[in-house]
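Me: Could you take me closely through one part of this structure, beginning with a single element and then working outward to what surrounds it and to other contacts in the chain? I would rather have one connected account than a list.

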Amino acid sequence: MTLELTNWQFRQLSNHSSSPLVTNQWYQTTHATSHQIHVDLLEANFIPDPFVDDSEKEVQWVSELDWQYRCVFDAPSSLDSSETVLILNGIDTFANVELNNGPVISTDNAFRRYVIPVTLSEHNELTITYESALNKGKEMEKEFGERAVWNGDASRVYVRKPQYQYGWDWGPVLNTVGFEGVSVVSEKNYVDDFFVGYVLSEGLDTAELELEVLFLFEPSVLEVAVEIKDQLGDIVDVIKTRDVEKKTFLRYSLEDVKLWYPIHHGDQPLYTFTVVLDDTPKITKKVGFRKVELVQTPDDLGSTFYFKINNKPIQVFGTNWIPTHSFTSKLTEQDYSEWMQLVANGGFNLIRIWGGGLYENDKLYSLCDELGIMIWQDFMFACGIYPDTIAESVEKEVHDQLVRLRNHCSIILYAGNNEDYQIAEVEKLDTNNATQFPAKVIYEDIIPSQITKLYNNNTTTPYHYGSPYSNPTHKSSDPTIGDLHQWNVWHGDHEAYQNWPRLSGRFVSEFGMLSLPSTHTLRRYITPSQLHHNSTLIDFHTRAAGREYLNKYVWDNFPCPANLSIETWVYLTQLMQSDALSLAYRYWRRNWEQRKTGGVVVWQLNDCWPSVSWAIVDFLKVPKLAYYGIKRETSETSVACYRKEVGGEKDGAQSVFSRGFELDIWGFGSGGFSLNIEFYDELGQLYFTEAIDHLEFTTNEVNTIVRDRKYPDLKDTSIVYLKLIKDNEVVSRSSDWPQPLRNLPWSKHSANISLDHLGEDTFEISTTTPVKGLELYVPGRTYVFSDNAIDVFPGDPQQVRIIGLSEADIGQVRYRHLGSL
């Protein structure tokens, strides 16, 4: 018998001048398994929505109080009273749990899974009393000393809970309490865990399975069987044993294994394993088989950093994932499905689950297994000097999470933390000295030891001490070794984003650019009178350090229109972000040549609240323009170029003023292609064309078309347009505009644009002169597009689908572009 507890009430335990509640009075919640105090208060109309305007300020009192939840329930008639446990998931954080006025457990780690033997009565009352994590952390900080952090209150490093709740440079301060789920289990043969361990043969065609069935209690069954089905649902075999113990092992050789590959690199077959006890199915796992290697080999540049999956080198096109809501109890499985579809459809093959959030919902990992989205999984430490006082609790946390995660084939890397080595270096601490860097024992001993132990000599997932991290003798900022967080654009030296080619690393696991969310999202959360450029409330929803640089990056690159409406400002920030991020993917994807850059992971995919941030999809799941720009650059078939100035060199005492420009052109894809090259002058008039035929591309490699080729007709004011053609059809387009774009004479550009509805959800756009960043939109509505913010050139009409377009909105489709502002 398993009973999920849902009949919860809550109360505050002391007075507060800002609270409308009656102290010690119980209030009913909705019947749900997961609760957070802010959500329950919001649903009971005790607090305003903290996401609206600056209401976040009005709810800070919630974090300062102690809170209590209780659930009154009757023991089921089927109860096996001899053995009963209480299972607590995600108890956030400092809680005293009592059953029928007797102590059960005191918790101190929101990332733990607590299993506690209990004795039930016919009628029961379970209470969970929460101390304020903010106050508790301050007490520990006072006892053990303040430590350096980036973002949030410094006391957070003593508290094992989602660190982003303390506020980040993209998120609010909403430090909550609650739980993911509480259940009572009283079932003699309850299977608590089922692990499908395996070792692949050298030829990767046979998996030697070691199946581990862990019972919660001493089992009474006579036989344990495991049924194996292939990806088609056909039974492969049934393995049985009568040697049944609390931890039961079964072994089997699975031949002709179908291997799991990342999206765009192969299929994602998942085998189904079902534990059957005396002919009764109990637990099922879906498992993909793959071999993962993190290749770090010395070379002329330093050391490589890229992944091989099943011996195939894979360049990562990733995005950083933060918790997609400040209150994760509000998320549904549908939310996770929609988010992961956005990832899969956006050209990405990896998400990095960032270390300042939480170990994610089971649904997310299962979706990544199914879709072929690889996962870089941080452990939950971020931007701080963590104490060793938490080490014992962390060891149990790591154990609990690895037990839960180790069956997921999508996880290709575990990393110890986010930027903890980096902040230590900035603080001039010796990261090789555990006295100065006490969390060294966590990142370099506890975590890897637990990985080795729990994978139990089976195929393991690589481990990296942190992100960024190089090695014990190189700083984490070294671009020649390890992974790199490249923040010299925006932070650091505030470099122009056109400088990405010289800012690359062996694996760029963070970089980004700010922009506003959609006007739809702004209108939902910001007072109408505040919907203007640089308003107080939009600034309140902007938490980035150096937020003034958003103006700088926009006006450094784009002309300032006479009428700067909120719609125009949103468009300009999003187009700037799109150009910045797209160029990074363009240039660093080229570095796959000789494995100079093994991966590109943008900061960030999503938001946890309505924010002006680095996200490329806003809080309401509305893709920004950068989402589409990155999608084009990571397409399986693509073409791109890089313009570079040459000439003006000195030859002895003489200066040679042969200034000119060269082009490098490269592409990705498979098979035969031809390429059309067009040059337009600054007014958009075509003046040069060239065709290159009989190109043969090799898949998964950089295919150089021309390198260091000087074009006498190419100028710094030229607009370059490339069309990659296969079987008389344009399969990829790319343009290279003069930078910065504000220098072009936009007032002299005049384009005749046609927008034609071709039926259902498809529109065709054509133009008489080059158009930059043409965005389709429907006023007052939000849609996902097949592409958007496209560059359109004469003689090459482009089609765009508006997914799910209603018939009523067909006539409402509008467009804007950079030359129309």
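Reply: Strand E27, residues 374-378 of this predicted model, is mostly covered, and five of its five residues are buried. In a regular strand the side chains alternate between the two faces of the sheet. In E27, Met374, Trp376 and Asp378 point one way while Ile375 and Gln377 point the other way, and all of these residues are buried.

E27 has a pairing partner in strand E26, residues 350-353, with which it runs in the parallel sense over four bridges, and in this pairing Arg352 stands opposite Trp376. The connection between these two strands passes through helix H4, residues 362-371, and E26, H4 and E27 together make a right-handed β-α-β unit. E27 also pairs with strand E28, residues 411-415, again in the parallel sense and over four bridges. Here Trp376 stands opposite Leu413 of E28, and the chain travels from E27 through helix H5, residues 391-405, to reach E28 in a β-α-β crossover that is right-handed. Trp376 therefore serves as a useful landmark when you look at the strand, since it stands opposite Arg352 in one pairing and opposite Leu413 in the other.In the domain assignment, the protein is divided into five parts, and domain 3 (315-513 + 589-634) is listed there beside domain 1 (2-185), domain 2 (191-287), domain 4 (637-744) and domain 5 (745-820). Another covered element is helix H12, residues 625-633, which is largely enclosed by the rest of the structure because seven of its nine residues are buried. Those buried residues are Leu625, Ala626, Tyr627, Tyr628, Gly629, Ile630 and Glu633, and they pack against helix H3 (333-345), helix H11 (566-590), strand E32 (599-602), strand E33 (638-646) and strand E44 (771-777).

Turning to the junction of domain 1 and domain 2, the centres of the two domains, taken over C-alpha atoms, are separated by 37 Å, and six residues of domain 1 are in contact with four residues of domain 2. The area buried between them is about 400 Å², with carbon and sulfur atoms giving 64% of that area. On the domain 1 side, Glu83, Val85 and Arg113 lose the most area to domain 2, and together they account for 72% of what that side buries.

Side chains of opposite charge can pair when their charged atoms come close. One salt bridge is found across this interface, and Arg113 forms a salt bridge with Asp192 in which the closest N and O atoms are 2.7 Å apart. Arg113 lies in strand E9 (residues 113-117) and Asp192 in strand E13, so the pair ties together parts that are 79 residues apart in sequence. Arg113 counts as partly exposed, at 28% relative accessibility.

Glu83 has a salt bridge with Lys188, the closest N and O atoms being 3.0 Å apart. Lys188 lies in the loop between strand E12 (181-185) and strand E13 (191-200), and Glu83 in the loop between strand E5 (67-74) and strand E6 (85-89), so this pair ties together parts that are 105 residues apart in sequence. Lys188 is partly exposed, with a relative accessible area of 30%, and Glu83 is partly exposed as well, at 24%.

How values were computed
Residues numbered from 1 in each chain as written. Predicted model: local features only at pLDDT ≥ 70, side-chain atom pairs only at ≥ 80, totals over all residues. Heavy atoms only, no water. Buried < 20%, exposed > 50% of the residue type's maximum accessible area, 1.4 Å probe, protein only. Pairing = 2+ DSSP bridges. Right-handed = clockwise from strand over helix to strand, strands pointing away. Contact = heavy atoms within 4.5 Å. Domains from an automatic or database assignment. Buried area = accessible area lost by both parts, 1.4 Å probe. Salt bridge = Lys/Arg side-chain N within 4 Å of Asp/Glu carboxyl O.
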